[in-house]
Amino acid sequence: METKESVTKTLSDFSLEAHDLYLNDSVPYLEAPPDPLRFYRDWIGANRPCIIRNALGHWPALSRWTPDYLREKVGSKVISVAVTPNGYADAVAGDRFVMPEERRMTFDAVLDVIEGKVPARGVFYVQKQSSNLLQELPELADDVERHIPWMSAALGKCPDAVNFWLGESTAVTSMHKDHYENLYCVVSGQKHFLLLPPTDRPFIPYGLYQPAAYRQRDGGGEFEVVDEENSEKVPWIPLDPLDPDLERFPQYRRARPIRCSVKAGEMLFLPSLWFHHVRQSHGCIAVNFWYDMEYDIKYNYFQLLEALSGVAAAP
């Protein structure tokens, strides 16, 4: 017990020191695209988020991507759409980690739902990832950049994926982390992020959950949860950071989340291993670029932090 208490105190001091030394209480703004070397030194290497303004003004997408234009360019294309009963995809529900129903629909049909032209049960979100902009919607690729030149120069490589996002305001991304350096670019509307640094990992609860997926009954009926058979349990965060259950997860009181909104024409640099929860305005469109992180000593340190957090959380 004494060892566990000592680890818990050390981890708490570790987080406080990070906030005192280099973390900001809000997300800083850069007013122009940065020099690659300086961006690597000040933001990527330091693992600190920032919002970059005036970096997307040359993208034709900012003026072109209206519903009419999208219908004309890709309206008949069949794409993958995530459908859930409540807007929560890839999230803990009860004792399950529940993924969305992956539905194949034309882009026109998705827009009909989002614009309220066709009633539909459920919440619809184009969030396929796996470079869905280039794979499913290549007709739109020339309206944006296929990579961000200064980011690619800073990292010495091109992105592993370029993703297109479009959804309803009730579509929510539950809190998680990624092993990517992420440039998240908003084309229209706004994205609302809640961020937590990797050093707050000791205060973020995890559980192991049976994976499952939503499936809507025939005829547009109720949704049911169907287990993924022969699948290993998935580690995930059961806490909702917008309404945290502090009786169940008292350690979260020590977390210091940062909130920010990213508007059309702005991009958020979301560093690797940062925890994030995402909401959006209705019909918001975004494109993000995932650059695989370097599995260097930073990753090594985080794995140690994960292990120690498990020791501190053990009953």
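The following exchange asks how several descriptions of this predicted model are reached.

User: What makes β8 and β9 a pair of strands?

Analyst: Two strands pair if DSSP finds at least two bridges between them, and two bridges join β8 (residues 123-126) to β9 (residues 161-167), so the two count as paired, in the antiparallel sense. Within this pair, Val126 has Leu166 of β9 as its bridge partner.

User: Why are β1 and β7 called edge strands of the nine-stranded sheet?

Analyst: The open sheet has the order β1-β2-β17-β11-β19-β9-β8-β3-β7, with mixed pairing. Strands β1 (29-30) and β7 (101-106) each have a single partner strand, so one side of each is left without a neighbour in the sheet. For β7, the pairing with β3 is antiparallel and runs over six bridges, with Ala82 standing opposite Glu102 in β7.

User: How do you know which side chains of β7 are buried?

Analyst: Buried means under 20% relative accessible area, and Glu101, Arg103 and Met105, which point to one face, are buried, while Glu102, Arg104 and Thr106 point to the other face and are not. In a regular strand the side chains alternate between the two faces of the sheet.

User: Which strands does helix α5 lie across, and at what angle does the helix run to β7?

Analyst: Helix α5 (residues 107-114) lies across β3 (78-84), β7, β8 and β9, and runs at about 105° to β7.

User: What makes β4 and β16 the edge strands of the five-stranded sheet?

Analyst: In this second open sheet the order is β4-β10-β18-β12-β16, again with mixed pairing, and β4 (88-89) and β16 (258-263) each pair on one side only. Strands β10 (residues 172-176) and β18 (residues 275-280) of this sheet pair in the antiparallel sense over two bridges, where His176 stands opposite His276 in β18.

User: Why is Asn54 called exposed?

Analyst: The cut-off for exposed is over 50% relative accessible area, and Asn54 has 55%, so Asn54 counts as exposed. Asn54 is placed in the loop between β2 (50-52) and α3 (61-64), and has a phi near 60°, a positive value in a residue other than glycine. Most residues other than glycine have a negative phi.

User: Why is Gln129 called partly exposed?

Analyst: The relative accessible area of Gln129 is 22%, which lies between the limits of 20% for buried and 50% for exposed, and therefore Gln129 is partly exposed. Gln129 is placed in the loop between β8 and α6 (132-136), with a positive phi near 65°.

Technical notes: Residues are numbered from 1 along each chain as its sequence is written. This is a predicted model: local features need pLDDT of at least 70, side-chain atom pairs count only at pLDDT 80 or more; totals for chains, interfaces and linings use all residues. Side-chain values use heavy atoms; hydrogens and water are left out. Helices (H or I, at least four residues) and strands (E, at least two) are DSSP runs, numbered from the N terminus. Contact means heavy atoms within 4.5 Å. Axes are lines fitted to C-alpha atoms, for helices over the stretch in contact, and angles run from 0 to 180 degrees between N-to-C directions. Buried means under 20% relative accessible area, exposed over 50%, partly exposed in between (1.4 Å probe, protein chains only).
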